[in-house]
Amino acid sequence: MPFKFTEEFRARAEKICARYPRRDAALIPLLLEMQKEKGYIAEEGLDALALFLQIPYSRVKGVATFYTMFNHEPVGKYHLQVCRNISCHMAGSESLLGRLRGRLGIAEGETTRDGLFTLSAVECLGACGAAPVMQVNEKYFENLDEAKLDALLEELKHGRLPH
Ligand code: FES
């Protein structure tokens, strides 16, 4: 079910706006807040947010599509986002991606049939010093290798997102 701008969400959004000198400065925090609700932001949500912030829809859409952290379709319980930018690439992110494709039986952009995992290859996550890096939902896993990746997958399959 797509995101709905409920009264409850509206009240929460007003509080977020109040933290900023200008209402439109809350655009990214509000997109993040919306994504927390359902794991993705549907088209209607972008429209509702533009109305709420009193800014053009094109600006909301532009920001929401520029950043890879925003999902526009439903994703699995765990969204595995492997950085494929230069530092991570040099440190072996391609082989990690290959391992994930093999172990999960899906390609980038797909979700496992049980709805547990979505796999994505993304641009720099801003943690290049700890390459290779994978983001799982909000959390970063750094200096990954195949053994760490396998151990992490096992935890996730049991519903545990390590701290
Ligand atoms: S290149 Fe991967 S985090 Fe920057």
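**Exercise 1.** Determine how exposed Glu37 is, and work out which parts of the chain its salt bridge with Arg12 ties together.

*Solution.* Begin with Glu37 itself, which has a relative accessible area of 37% and is therefore partly exposed, a class that lies between buried (under 20% relative accessible area) and exposed (over 50%), with a 1.4 Å probe and protein chains only. These areas come from the Shrake-Rupley method, in which only the protein chains shown count as cover for residues. The model is predicted, so local features need pLDDT of at least 70 and side-chain atom pairs count only at pLDDT 80 or more, while totals for chains, interfaces and linings use all residues. Residues are numbered from 1 along each chain as its sequence is written, and side-chain values use heavy atoms, leaving out hydrogens and water.

Next, consider the partner: the side chains of Glu37 and Arg12 meet in a salt bridge with an N to O distance of 2.6 Å, where a salt bridge is a side-chain nitrogen of Lys or Arg within 4 Å of a carboxyl oxygen of Asp or Glu. Because Glu37 lies in helix H2 (residues 27-38) and Arg12 in helix H1 (residues 7-17), the pair ties together parts that are 25 residues apart in sequence. Helices (H or I, at least four residues) and strands (E, at least two) are DSSP runs, numbered from the N terminus. Arg12, at 24% relative accessibility, also counts as partly exposed.

**Exercise 2.** Describe the salt bridge of Arg84 with Glu123, and then the network that includes Glu37.

*Solution.* The closest N and O atoms of Arg84 and Glu123 are 2.9 Å apart. This pair links distant parts of the chain, since Arg84 is in the loop between E1 and H5 and Glu123 is in the loop between E2 and E3, 39 residues apart. Arg84 counts as partly exposed at 40% relative accessibility, and Glu123 is partly exposed with a relative accessible area of 36%. Salt bridges that share partners also join Glu8, Arg12, Glu33, Lys36 and Glu37 into one network. A search of the whole structure finds 16 salt bridges.

**Exercise 3.** Find the buried residues of helix H6, and explain why they line one face of the helix.

*Solution.* Helix H6 (residues 93-104) has 12 residues and reaches 16 Å from its first C-alpha to its last, close to the 16 Å expected at 1.5 Å a residue, the expected span being 1.5 Å times one less than the number of residues. In H6 the buried residues are Ser93, Leu96, Leu97, Leu100 and Leu104. Seen down the axis, these residues fall within an arc of 100°, so they line one face of H6; the arc is that of the directions from the helix axis to the C-beta atoms. What covers them includes E1, helix H5 (86-90), strand E2 (117-122), strand E3 (134-136) and helix H7 (146-157), and contact here means heavy atoms within 4.5 Å.

**Exercise 4.** State whether Leu119 is buried or exposed, and name some of the residues that Leu119 touches.

*Solution.* Leu119 is found in strand E2, and at 0% relative accessibility Leu119 counts as buried. Not counting residues up to four places away in sequence, Leu119 touches residues including Leu80, Val82, Leu97 and Leu100. Two of these, Leu97 and Leu100, are also among the buried residues of H6.
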